[in-house]
Amino acid sequence: MSVQNAPISYDFHGDAPFSMPFKDIKPEDIHIYLDLDTKVGKNTCGQKCTHCWFVNYEKVYDKSFAMEEGPRILEGLQSHGYHVYPRYVDSFAYDGEFMRLYGPANNREFRQEADHTPTETMEKGDAWTSGRPLLADNWAELLDLAVKNGYGTISITYHGVIDENLQVTDHKTYPIKGVFSGAETEEVLRRIAEYNKGVDPEDAFRVNIGVTIGRHNHGRTSLERYAHYFNNLGVDTVRFNNFTDHGGRHPELRLTREEIEQAYRDFKWVHETIPLRFQLGVSEDFGTFGIKAMGFPSHVGWCRAGRQLFAAIPAQEEALSDGPAGRREKIGDVVGCVNTFEPHLGILVRTVTADEAGEHTAYDVEFDHDAIEAFTAKRLSGAYKDGCFATELSEELGLISRVPQRRRLPLLVDAQS
């Protein structure tokens with residue numbers, strides 16, 4: 001008999017069928033990740049992970065919008081109806097400056113069950129951090145600032161392998177370099193727990209742990225250890241995501257399609273077999289091979305990136321036109337996959353107009369409808385066979401080398417929910 005655990009959460013980026021023309025998708029059904037600051041290092045996340053997408057793509061490496069302009073861009077895009085997620089390397093960067101500017105932001109959308117119910121993670125702001133800033137001397141002040149600005153969840157990426165005694169193995173053996181260690185994460189969790197004891201329960205933080213699964217830590221035994229380990233640490237959510245070889249630095253860690261299929265069966269087994277004191281979450285970046293084992297709504301796994309999900313990234317400013325309608329300037333690029341920053345599907349535009357009251361500035365995205373429809377056609381034709389097309393796209397563009405796979409994925413024909 002199955003144990004009774006909270007529903008498995010999934011990423012939600014929309015569910016409009018791929019057959020719907022892009023022009024018919026309303027702004028309120030489009031999600032935009034606004035990459036405001038991609039600078040890694042001591043002032044932000046305190047790390048330089050070798051597999052980080054902000055490190056491995058020249059398009060976004062060490063880029064940012066002007067600090068004072070970011071909130072105006074956010075407000076401008078929201079005024080058109082878009083769901084906008086301010087994204088930066090670390091929510092606690094620059095001693096919490098982003099929290100002061102953007103308030104209770106969420107870094108993405110998490111849902112559960114067939115009716116797309118938002119998870120508890122979505123109830124307040126969700127602070128995304130490596131964990132490093134919370135090892136600084138001012139960690140309590142940073143948590144105070146998060147409470148003051150409406151945050152209720154702290155999301156930490158966990159890098160550690162668990163041994164048979166439910167202990168973190170030596171970080172020196174962990175294959176991805178530059179990451180915040182599992183042992184250090186334990187100390188951060190102790191600090192958050194200590195903080196929670198001293199505040200009103202309404203201000204206590206939920207903790208969301210993100211674990212990257214690759215060939216270094218996949219398999220049922222490994223997942224079972226993670227389940228028992230995090231049960232003991234008192235976290236609220238554990239979300240597993242698939243290792244993506246950004247920059248082609250770790251091809252040996254990429255799961256084969258058979259291993260991904262088995263991973264889905266293992267996630268389901270963990271959920272049905274082990275009493276969990278946290279909500280289990282599974283990222284959409286595992287794609288669609290074997291996803292039916294999860295019992296998710298049929299659209300989950302078939303990423304809507306390039307149709308209902310985009311990223312707006314900083315770009316060299318460029319004058320577009322200057323006339324009676326105002327001065328139009330390109331200030332960013334709009335891309336499909338929010339982790340590989342391809343393909344190019346539009347631009348972010350600033351328009352400055354003037355009247356007797358002075359200058360007025362507006363912001364909007366200008367989508368390349370032809371490019372979006374051509375990209376959708378490639379997915380429907382089977383040029384990209386996986387619901388998470390990031391790896392196939394990266395291979396096509398020569399961003400990473402192809403790793404031989406033993407089986408082919410089905411076409412997208414069964415994904416038209």
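Start by selecting helix 2 and whatever packs over it: the cover on its buried residues includes strand 2, strand 3 (83-88), helix 3 (93-102), strand 12 (326-335), strand 13 (344-355) and strand 14 (358-367). Keep in mind as you go that this is a predicted model.

**Stop 1: helix 2**

Now colour the helix itself, residues 70-79. Which of its residues are buried? They are Gly70, Ile73, Leu74, Gly76 and Leu77. Look down the axis and you'll see these residues on the same side of helix 2, because they cover an arc of only 165° around the axis. Spin to the other side of the helix and pick out Glu75 and Ser79, which are exposed. Then step past the end: Gly81 follows helix 2, and its phi is positive, near 105°.

**Stop 2: Thr44**

Next, select Thr44. You'll find this residue in the loop between strand 2 (31-37) and helix 1 (53-56). Is Thr44 buried or exposed? Its relative accessibility is 4%, so Thr44 counts as buried. Show the side chain and follow it to the backbone oxygen of Lys39, which it reaches at 2.7 Å. To see what else surrounds Thr44, leave out its neighbours within four places in sequence and display its contacts: Asp37, Lys39, Val89, Asp90, Ala93, Tyr94 and Pro133.

**Stop 3: a few cysteines**

Move one residue along to Cys45, then add Cys49 and Cys52 to the selection. A disulfide is a covalent bond between the sulfur atoms of two cysteines. How many disulfides are there here? The count comes to zero. Here's the reasoning: to count, the two sulfur atoms must lie within 2.5 Å. For Cys45, the closest cysteine sulfur is in Cys49, 6.3 Å away, so that pair is too far apart for a bond. Cys49 has its own closest cysteine sulfur in Cys52, and at 6.1 Å that is too far as well. While you're here, check how covered they are: Cys45 is buried, with a relative accessible area of 8%, and Cys49 also counts as buried, at 18% relative accessibility.

**Stop 4: the aromatics**

Time to show some rings. The model has 26 aromatic pairs. One of them is Tyr229 with Phe230, an edge-to-face pair with 4.9 Å from centre to centre and 75° between the planes. Tyr229 is buried, with a relative accessible area of 3%, and Phe230 counts as buried at 0% relative accessibility. Now widen the selection to the whole cluster that these two belong to: Tyr158, Tyr226, Tyr229, Phe230, Phe240, Tyr264, Phe267 and Phe286.

**Stop 5: strand 12 and its partners**

Finish at strand 12, which you already met as part of the cover on helix 2. Strand 12 is mostly covered, with eight of its 10 residues buried. Add strand 11 (residues 309-323), which pairs with strand 12 in the antiparallel sense over nine bridges. For a landmark along that pairing, select Pro314 and look for its bridge partner in strand 12, Gly332. Trace the chain from strand 11 into strand 12 and you'll pass through a hairpin of two residues.

Then bring up strand 13. It pairs with strand 12 in the antiparallel sense too, over eight bridges. To find your place there, select Lys330 and look across to Val349 in strand 13, which stands opposite. As you look along a strand, remember one rule of thumb: in a regular strand the side chains alternate between the two faces of the sheet.

How values were computed
Residues are numbered from 1 along each chain as its sequence is written. This is a predicted model: local features need pLDDT of at least 70, side-chain atom pairs count only at pLDDT 80 or more; totals for chains, interfaces and linings use all residues. Side-chain values use heavy atoms; hydrogens and water are left out. Helices (H or I, at least four residues) and strands (E, at least two) are DSSP runs, numbered from the N terminus. Buried means under 20% relative accessible area, exposed over 50%, partly exposed in between (1.4 Å probe, protein chains only). A polar contact is a pair of N or O atoms within 3.5 Å; within protein, one must be able to donate a hydrogen and the other to accept it, and residues adjacent in sequence count only if both atoms are side-chain atoms. Contact means heavy atoms within 4.5 Å. The arc is that of the directions from the helix axis to the C-beta atoms. Rings of Phe, Tyr and Trp (its six-membered ring) pair if their centres lie within 6.5 Å; planes under 30 degrees apart count as stacked, over 60 as edge-to-face and the rest as tilted. Two strands pair if DSSP finds at least two bridges between them.
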